[in-house]
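Open the structure in a viewer that lets you select residues by number. The stops below can be taken in order.

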Amino acid sequence: MTENASALRATRAVRRILALHLPLLPSERRAAQSGARRDAAPLALIVQDRGRQVIAALDAAALAEGLAPGLSLADARARVPTLQALPHDPAGDAAWLDWLALAATRYTPMAAAAPPDGLLLDISGCAHLFGGEASLVADIVTRLSRIGLTAQPAIAATPAAALALARHGGHRLGDLPVAALTNDESVRTALRRAGLLRIGDLVRQPRGALASRFGAGLLAALDQLTEAQDQPLSPLLIAAPIAAEQRLASPVADEGAVLAVAEKLLLRCAMQLAARGEGGRAFAVTLYRADGHVAQVMVETSAPVRDAAPVMRLLRERLAALADPLDPGFGYDLVRLDVPVTAALAHQQLGLDGGDIAEGELAALLDRLTARLGPGRVRRLVRHDSHIPEQAAFDLPLSAGAPQLDWPAPPPGEPPTRPLRLFDPPQPIEVLAEVPDGPPRRFRWRRRLHEITRHEGPERIASQWWRRRSGDGLTRDYYRVEDAAGQRYWVFRHGLYGTEKASPAWFIHGLFA
C-alpha cells in the first residue's frame with residue numbers, strides 16, 4: 001500500500017496542467033469577429049434583468065473608465081456617454097471557446113474548454129517538443145494575442161489549481177484569496193468574518209471545524225485547489241489509438257503539398273497498424289492554419305485497411321466533393337492524421353496476377369461513394385437478435401462497427417416468412433373476420449377493399465414484458481395473407497381477444513415482393 005501511494009503521489013507530481021484565463025473573452029470575441037478597431041468607443045455587453053438592461057461584460061476601454069459588470073446601462077452611460085451597447089451572447093462565447101480548445105490540440109490532444117472564460121491543456125510530457133514549458137506558454141499566448149485575445153496563463157498539478165492561479169494571479173496557492181474557492185457570496189462573507197482571507201489560512205485550520213461550519217463541499221473544493229485530490233480532465237476530443245503529425249517549417253497553402261504530407265503520415269500510421277495486426281476504418285486529417293483556424297477532413301472505409309493508396313484516393317474524392325472548399329489562408333503549419341476507428345486485419349491472399357483479390361472491388365466502390373456523398377450517406381442493414389420485427393434490423397452507416405449476424409434464409413423452394421419491406425409505424429386497417437379471434441377474411445386499407453383468398457398463421461409474437469409501456473405490452477398475432485389480385489401482405493391483430501383487449505385493432509406491417 002505504501003509503494004502504491006508513493007507511485008500515485010509521483011504521478012501527480014509530474015502532471016502539468018496549463019490553464020489560460022481569458023478575462024475579456026466576450027468583448028474581444030465580438031471585436032475579432034466584426035473586425036472592429038481596438039481604439040473604438042468603449043463596449044458593454046448587456047442582458048435583460050427584470051426589465052432592466054444590465055451590463056454582463058465589458059471591454060478593456062470600458063473597464064479603464066471605471067465601469068464594472070452588474071451596473072445598469074443607464075448608470076453606465078451617465079458616466080461614459082460614448083459607451084456602446086450590444087446584446088450579450090453566452091452561446092457564441094461557448095462556441096468560440098470550443099473552437100479555441102480545438103485549435104489548442106496543436107500542443108496536446110488533452111485540451112478542453114473551461115467555461116465561461118478558460119482553457120485547460122494537459123501538457124505533461126509534451127512541453128519539451130516546444131522547447132520547454134516557458135516556450136510553450138509564450139507561443140500559445142502569442143497566438144492568442146494575434147487574434148485579439150488577452151490570456152493569463154498558469155501551470156499547476158490539477159485543473160482547479162491551474163484555473164485559480166490563472167484567474168486570480170500569483171504563483172502560490174496559499175496566497176490566493178478565498179474567492180478562488182467558492183462563488184457563494186454568503187460563504188465568502190462568513191470566511192472573511194472568521195478572519196480567513198487566504199487559502200493558506202484555511203489549510204491551517206482543523207478540517208472537522210471547517211466541515212461543521214461551512215459544509216463538506218468547501219473541503220472538497222479545498223482539496224481540489226490544494227492538489228490533495230486528483231481531478232480528471234475531460235478533453236474536447238478523444239485521443240485516437242493511432243496518430244501521427246508533421247510540423248512544417250513554413251506554412252504550406254498548396255493542396256498537393258498538403259496531400260503529400262498526409263500520405264507520409266499514412267505510411268507512418270500503417271506501420272503502427274501493422275504492428276498491432278489491425279487496419280483503419282476511419283481516417284481524419286486535421287489541418288492547422290497559421291492563424292489558428294482548424295479544418296478537418298475525414299474518410300471512412302467499409303473494411304479495415306492500412307494501405308495508403310486507397311485512403312489517399314478517398315481523401316481526394318472527399319476534397320473534390322466539399323461544398324465549402326478548404327481555405328488555406330496564410331497556409332498550414334501543422335498536419336495531423338488520426339485513425340480513430342480500428343479493427344483486426346488479417347493478411348490477405350493475393351490474386352494469381354499478383355493484385356488484390358476481387359472481393360475488394362465492392363468495398364472500394366462503397367468507400368468512394370461514401371467519400372463523394374459524405375459520412376453517413378451510404379448505409380447498410382444490420383441484423384439484430386430480436387424477436388420484435390421492427391427491431392430485427394437497423395439502418396446504420398456503412399462504417400459503423402456493429403457486429404454482423406447472418407441473415408436467416410428460408411428453406412429451399414419455400415417463400416420467405418417475413419417481408420422485406422416494413423411500414424414504420426404499422427398502418428391501421430379495418431378487418432372482417434368470421435370469428436373475433438380468427439384469421440381475417442377481408443380488410444380495407446387506404447380506402448380499398450381486399451378480399452383474402454389465402455392465409456397462413458397465426459404467428460404469435462409476445463411483447464417485451466420487461467419493458468412494458470402504455471400500449472406496448474400486447475401480444476401480436478401475425479398472418480400472411482394473399483388477396484384476389486395475388487398481392488401478399490403481412491397483417492397482425494394487436495392484443496389477444498377478450499384477454500388483453502375487448503376489441504383488438506388490426507394493422508398491416510409489411511408487403512411481400
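Start by selecting helix 2, where L25, P26, S27, E28 and R29 are the buried residues. This is a predicted model. Keep those buried residues highlighted and add strand 2 (43-49), strand 3 (52-58) and helix 5, the elements against which the buried residues of helix 2 pack.

Now show helix 2 (residues 25-34) together with helix 5 (residues 90-103). Two packed helices are described by the angle between their axes and the distance between the axes. Here the axes come within 10 Å and cross at roughly 80°. The two helices, helix 2 and helix 5, are therefore roughly perpendicular to each other. Which residues meet where helix 2 and helix 5 are in contact? On the helix 2 side they are L25, P26, R29, A32 and Q33, and on the helix 5 side G92, D93, W96, L97 and L100.

Follow the chain past helix 2 to G35, which has a positive phi near 75°.

**Backbone stops**

Most residues other than glycine have a negative phi, and most peptide bonds are trans. The next selections depart from one or the other of these.

Select R50, in the loop between strand 2 and strand 3. R50 is not a glycine, yet its phi is positive, about 50°. The relative accessible area of R50 is 79%, so this residue is exposed.

Then go to R446, in the loop between strand 15 and strand 16. R446 is also not a glycine and has a positive phi of about 55°. With a relative accessible area of 55%, R446 counts as exposed.

For the cis peptide bonds, select P115 and P116, which are joined by one with omega about 10°. P116 sits in the loop between strand 5 (111-114) and strand 6 (118-122). Next select G457 and P458: the peptide bond from G457 to P458 is cis, with omega near 10°. P458 belongs to strand 16 (residues 448-461).

Stay with P458 and add P439. How far apart are the C-alpha atoms of P439 and P458? They are separated by 7.6 Å, with the two positions 19 residues apart along the chain. P439 is in the loop between strand 14 (421-433) and strand 15 (440-445). Its relative accessibility is 26%, so P439 counts as partly exposed. Leaving aside neighbours within four places in sequence, the contacts of P439 are A433, E434, H455 and Y479.

**Salt bridges**

Select D477 and R460, which form a salt bridge with the closest N and O atoms 2.8 Å apart. This pair links distant parts of the chain: D477 is in strand 17 (residues 476-483) and R460 in strand 16, 17 residues apart. Is each partner buried or exposed? D477 counts as buried at 3% relative accessibility, whereas R460 is exposed, with a relative accessible area of 54%.

Next, show R418, E456, E459, R480 and R488, which are linked in a network of salt bridges.

Move on to D333 and R143, another salt bridge, in which the closest N and O atoms are 3.2 Å apart. D333 lies in strand 11 (residues 332-344) and R143 in helix 6 (residues 133-146), so the pair, 190 residues apart, links distant parts of the chain. D333 is buried, with a relative accessible area of 11%, and R143 counts as partly exposed at 21% relative accessibility.

One more pair to select is R172 and D175, whose side chains meet in a salt bridge of 3.7 Å, N to O. R172 is exposed at a relative accessible area of 56%, and D175 counts as partly exposed at 41% relative accessibility. How many salt bridges does a search of the whole structure find? The search finds 27.

**A surface patch**

Turn on the surface and select L365, L369 and L373, which make a nonpolar surface patch of about 260 Å². L373 is in helix 14 (residues 360-373). At 47% relative accessibility, L373 counts as partly exposed.

**The whole chain**

Finally, clear the selection and show everything. The secondary structure comes to 14 helices and 19 strands. Of the 513 residues in the chain, 40% are buried. The accessible surface comes to about 28,400 Å², and carbon and sulfur atoms account for 54% of that surface. Among contacts between residues at least 6 apart in sequence, 58% join residues at least 24 apart.

Methods
Residues numbered from 1 in each chain as written. Predicted model: local features only at pLDDT ≥ 70, side-chain atom pairs only at ≥ 80, totals over all residues. Heavy atoms only, no water. Patch = residues over 30% accessible without salt bridge, like charges linked within 9 Å, V, L, I, M, F, W, Y side chains within 5 Å. Areas by Shrake-Rupley, 256 points an atom, 1.4 Å probe, with all protein chains shown as cover. Salt bridge = Lys/Arg side-chain N within 4 Å of Asp/Glu carboxyl O. Helix = DSSP H or I, 4+ residues; strand = E, 2+ residues; numbered from the N terminus. Buried < 20%, exposed > 50% of the residue type's maximum accessible area, 1.4 Å probe, protein only. Axes fitted to C-alpha atoms, helices over the stretch in contact; angles between N-to-C directions. Parallel < 35°, antiparallel > 145°, perpendicular 65-115°, else oblique. Contact = heavy atoms within 4.5 Å.
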